[in-house]
Amino acid sequence: MKNIIYKIICLLSGCFILASCRKADVPIPTKTNHVTTADPTSKVKGFYVLNEGNMNMNRASLDFMDYTTGNYNLNIYNQINPDVTKGLGDVGNDIGIYGSKIYVVVNVSNKVEILNARTGKRISLITIANCRYVTFHNGKAYVSAYLGTVGDPKAPNGAVNEIDTATLQITRKVTVGRQPEEMAIVGEKLYVANSGGYSPPNYERTVSVIDLASFTELKRIDVAINLDRLKADKYGDIYVTSRGDYYNIPSKLFVIDTKTDQVKKTFDFGVSNLWIDDDIAYMYNFEFNYNTGKNTTNYIMLNVKDETVMNSKFITDGTDAQIKVPYGIAVNPVTKEVLVTDAKNYLTPGTLYSFSPGGKKEWSVTAGDIPAHFAFAY
Amino acid sequence: MMIAGFNLFSSTLFAQKADSSKRDNDTVKTHTLKEVAVRAGRISSRNTSATPLQMLKGAELEKLNSLSVADAIRFFSGVQLKDYGGIGGLKTINVRSLGANHVAVFYDGIEFGNAQNGQVDLGKFSLDNIDEIDLYNAQKSNIFQPAKGFASGSAIYLMAKQPHFEPGTNANGKVSLKAGGMGLVNPSLLLNYKLGDSIYSSLSAELTHANGKYKFRYTNGVYDTTAIRQNGDISAQRVELGLFGKMQDSCKWAVKGYLYNSERGLPRAAVSNRFESDQRQRDRNIFVQSTYNKTFDTRYSLMLSAKYSNDYTSYLDPETTTTRGLLNDKYYEHELYFSAANKYSINSFWDISLAADYQWNKLNATENDSAKYRFVSPRRHTILTVAATDLHFKHFNLQANILGTFVKDNVDTLVAAGKKTAYTPALLFSWQPTDNPDLRIRGFYKSIFRLPTFNDLYYTFIGNSLLRPEYTKQFDVGFTYNKTLHQHTLVYFAVQADAYYNQVRDKIVAIPGQDLERWIMFNLGKVHIKGLEINGQATWQVATSVFINTGISYTHQKAVDVTDPTEPDVYNQQIPYTPVNSGSVLIGAEWKKLSFNYSYIYIGERYDLGAHIPANYVKPFYTHDAGFTYTTNYNKHKLKGTIEINNVLNQYNDVVTNFPLPGRNYRFTISSTF
């Protein structure tokens, strides 16, 4: 018997040796890359980039570009908040800074993370099922969510939640159209794009208008099917995109005049994402054609003052040929540098490009998975 | 009776079928060294197959701590199991990094397919009724088989237990009850009845019920969270009825009816702030299949096979509310299959075969019991024909075949995928370089493809009907060596080692469409795979009545993505979820009525996405399982009790990121023959 036990021990110990080469568990480290000249006097201190991460991978991540040092800090959340179970979460869908706080909307994780805008440290967490976008007004944050009530077969509509930015509690909630996406506030009215994406081909085709004082839906403006992006310019106009049905109905861009709450102009081209800075809307369109089996990309600049397409481009040095899947866009409000992200194949870390106002690439850096959303810090 | 056709395999290669672990239990006590030597010395088909063959069978299979076929297949080399966790979690395998869609699963000789997504959930196959699991790289090293047998990158053969009667009896059976962790209760019944001298019947039925709750843990060294997995419950029923006939004129036939029905929770990816879901899945698989086998004279043999299957799957997602209520997708799939295989022996060393298969598939889908948006109800006609030749001399065996595949899809609306025609070859050899039959050299080349599945081509938004087939090329060379030693302690050992090189081109991958929920399928990926596999088995006699069987497998594999040189993060990097090193150890010991079984599985470090960055790093996975069995006879009944301890060291792992596997858990089995 001794012989057997000896042999078994030998074999087992062999297995344990193999087993012992596991690394210790540590929070995912931050990586710092120096990308441009430090500007300690920069009026805009820097910006946060929210990387969406692939669904079910739990790989949403937060980066910070620090203009004062010229450093790009990749994946800062886990080092600053190592005690948060499984980190920032699954599919970061929007980010905004209001006052001294950052609001990060993490879609599949059903949460809005509220962080200190200076340190990135978590202050609080609000659970909102299937939350999508955030916007701010008068001490309140507004968060859209695909469903107002989850699990009720008779409640397909979405909602906008109001959060008091002082108490960080949900104060009010209003039901809007099905699967609401982006929002903007003009005056005392909130505009939200309804998509209806859960019930194709029965998409929604309206923008809901919410009166902020009573927090009720005043009306719905008929626009086009499957609305998505919605941004306000400084002239009281709302720019809203329709994704079409991906097959026969093409995607388009619409302008709503908030004085009349009616569509005043239609552009017969699609827009996947846009950023309005001052008088210019910076836009791109990335679209798959099911008939040709090909993707096409367009970069467009539009003057929002007179609603005309400009002749100029915001990428002029040919870098656009390297961008496989444009995904995020933002413009530095002071320097007018244009930031564009490439999500590549969604499965590899994306790239962030910074272009001069003249459209020349200044620097680029590897970001997280699907770099998508920006918030500037002052 | 074995699967039709298997018996007719050239008799020199087939004299074996005996495995070192196979023994009648009533002789356990009376083993002598000589008997062991004789038994072990018979050449196993593992050693003579021209294509690498790994097998688990009989008592060896019974002793593994395994509930399903998926659990057992983990022990094979070159295999990656994707396990979503728990008893009801999806389990698929990928052999030599070709991809899960390149593995064909055959149940009693006929393919168990899935035209919708091309993947078979091996967690559905209970080991209760399985006698043998074989895994062949490329194909079974036998030219006399249906054309389907030639049509995949690798093949798993599952063989159900066959009725066997002692002289003078006409009925026997077995009852068994398994219970254990995750609220598992799993009673089963096997009943064999002799209907006549040449007609046997067999009934196998099983219930599986589990609440699916188990502890899991995640930590990064700072947070340390333990929770209980929810929504992993399953309730499943399986009934199989078999009829087996053996006629005077050497003709054999078999008919099998199969019913599987289940209702289960679909646990979601455990992500931050959200560990659980409410999604439910229902499955119902029904099939009837039949084989007929006849040797007309010493030269000509015929094998006929037929199958009809009817599959239904329903998914309910209470977290998605549409205008028609909570999202409920239902899929209905039908398959008809016929095959005729012919073999003709031209002379004593040359056989040729011709086989033709026809298959018809249809998929329907509804959403909330109405037509699913833009769903095209695809139908597919597939004709497979193969011509094969087998030259077998005393020291050398050469097999070659060419497979013709002809596919046509029809759809209701929109554009159907075009007709596809392809001719793909395979070449296999096995060579005994000396007069000593212990050592054999083998090798193969095979070119084969997998067709785009119905989901790849037609799924709303995602499907792309312009897809081409995904091609693979496999090259393999290896040797097998086995030795019976007439000495104490080490009685027998066998080694199989293979080096291989595979290429995958036009790999069907999902790439981004408009947004994260809209991916489109493209023929884009290119993967090169270099690997080395070593398997060894040994039988030891350490005391007069103490036998130890050991098995070891090791895989070294470099599978790199060579799709796009402009993407340095992933180009030439190991593909996701593929470890460079992996292996397993099996140790079984027997002493009188007691047997002990220990198994260990190691999967080296790997990355869950293409870029090798810390965020994508997955730690090595390893698990130790142990089992004790006590067997005794009581009034002609063989009674058996087993205690299994799985994940002995209580290590928490994910095989698929964010789908946690259980920690330490126990399982108890009692069974009795009658």
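A residue counts as buried when its relative accessible area is under 20%. With that in mind, welcome to a predicted model, shown here in a series of views.

**View 1. Chain A, built mainly from what its tally shows: 2 helices and 29 strands.** Of the 378 residues in chain A, 60% are buried. The C-alpha trace spans about 90 × 55 × 50 Å along its principal axes. The radius of gyration of chain A is 23 Å, close to the 21 Å from the globule rule for 378 residues, so chain A is as compact as a globular protein of that length. If we take contacts in chain A between residues at least 6 apart in sequence, 47% join residues at least 24 apart.

**View 2. Chain B, with 6 helices and 36 strands.** For chain B the radius of gyration is 25 Å, and the globule rule gives a close 26 Å for 674 residues, so this chain too is as compact as a globular protein of its length. Its C-alpha atoms fill a box of roughly 70 × 60 × 55 Å along the principal axes. Buried residues account for 61% of the 674 in chain B. Among contacts in chain B between residues at least 6 apart in sequence, 64% join residues at least 24 apart.

**View 3. An annotated stretch of chain B, residues 49–144.** An unreviewed UniProt entry labels this span "domain: TonB-dependent receptor plug". In the model, the span is 11% helix and 31% strand, and its end C-alpha atoms lie 14 Å apart.

**View 4. The largest nonpolar core, with 49 residues.** Look for B:I133 and B:I156, which have the most contacts inside this core. Helix α5 of chain B, residues 69–73, supplies the largest share, 4 residues. Apart from this core lies another, of 39 residues, which includes A:W275, A:Y282, A:Y284 and B:W519.

**View 5. The surroundings of B:I133.** Leaving aside residues up to four places away in sequence, B:I133 touches a set of residues that includes B:M55, B:L56 and B:L61. Also among them are B:V69, B:A72, B:I73 and B:F76, as well as B:I156, B:Y157 and B:L158.

**View 6. An edge-to-face pair, B:Y107 and B:F287.** Over all chains, the count of aromatic pairs comes to 40. In this one, the ring centres are 6.4 Å apart and the planes stand at 90°; an angle over 60 degrees counts as edge-to-face, so the pair earns that name. The two residues are 180 apart in the chain, with B:Y107 in strand β4 (residues 103–107) and B:F287 in strand β15 (residues 280–295) of chain B. B:Y107 is buried at 2% relative accessibility, and B:F287 is buried at 1%.

**View 7. A pair within one loop, B:F112 and B:F125.** The centres of these rings lie 4.9 Å apart and their planes meet at 75°, so the pair is edge-to-face. Both residues sit in the loop between β5 (110–111) and β6 (130–137) of chain B, so the pair ties together parts that are 13 residues apart in sequence. B:F112 is buried, with a relative accessible area of 9%, and B:F125 is buried at 3%.

**View 8. Aromatic rings with company.** In chain A, one aromatic cluster is formed by A:F47, A:Y67, A:W275, A:F374 and A:F376. Elsewhere, A:K86 lies over the face of B:Y218, at 3.4 Å from the ring centre. Another ring, that of A:Y247, has the charged end of B:R374 over it, 3.4 Å from its centre.

Key: Residues are numbered from 1 along each chain as its sequence is written. Chains are lettered from A and ligands numbered from 1 in the order in which they are written. This is a predicted model: local features need pLDDT of at least 70, side-chain atom pairs count only at pLDDT 80 or more; totals for chains, interfaces and linings use all residues. Side-chain values use heavy atoms; hydrogens and water are left out. A nonpolar core is a set of buried Ala, Val, Leu, Ile, Met, Phe, Trp, Tyr and Cys residues joined through side-chain atoms within 4.5 Å. Buried means under 20% relative accessible area, exposed over 50%, partly exposed in between (1.4 Å probe, protein chains only). Contact means heavy atoms within 4.5 Å. Rings of Phe, Tyr and Trp (its six-membered ring) pair if their centres lie within 6.5 Å; planes under 30 degrees apart count as stacked, over 60 as edge-to-face and the rest as tilted. A charge sits over a ring if NZ of Lys or CZ of Arg is within 6 Å of the ring centre and within 35 degrees of the ring normal. UniProt positions are given in the numbering used here, feature names are shortened, and annotations may be inferred rather than shown by experiment. The radius of gyration is taken over C-alpha atoms; the globule rule is 2.2 Å times the number of residues to the power 0.38.
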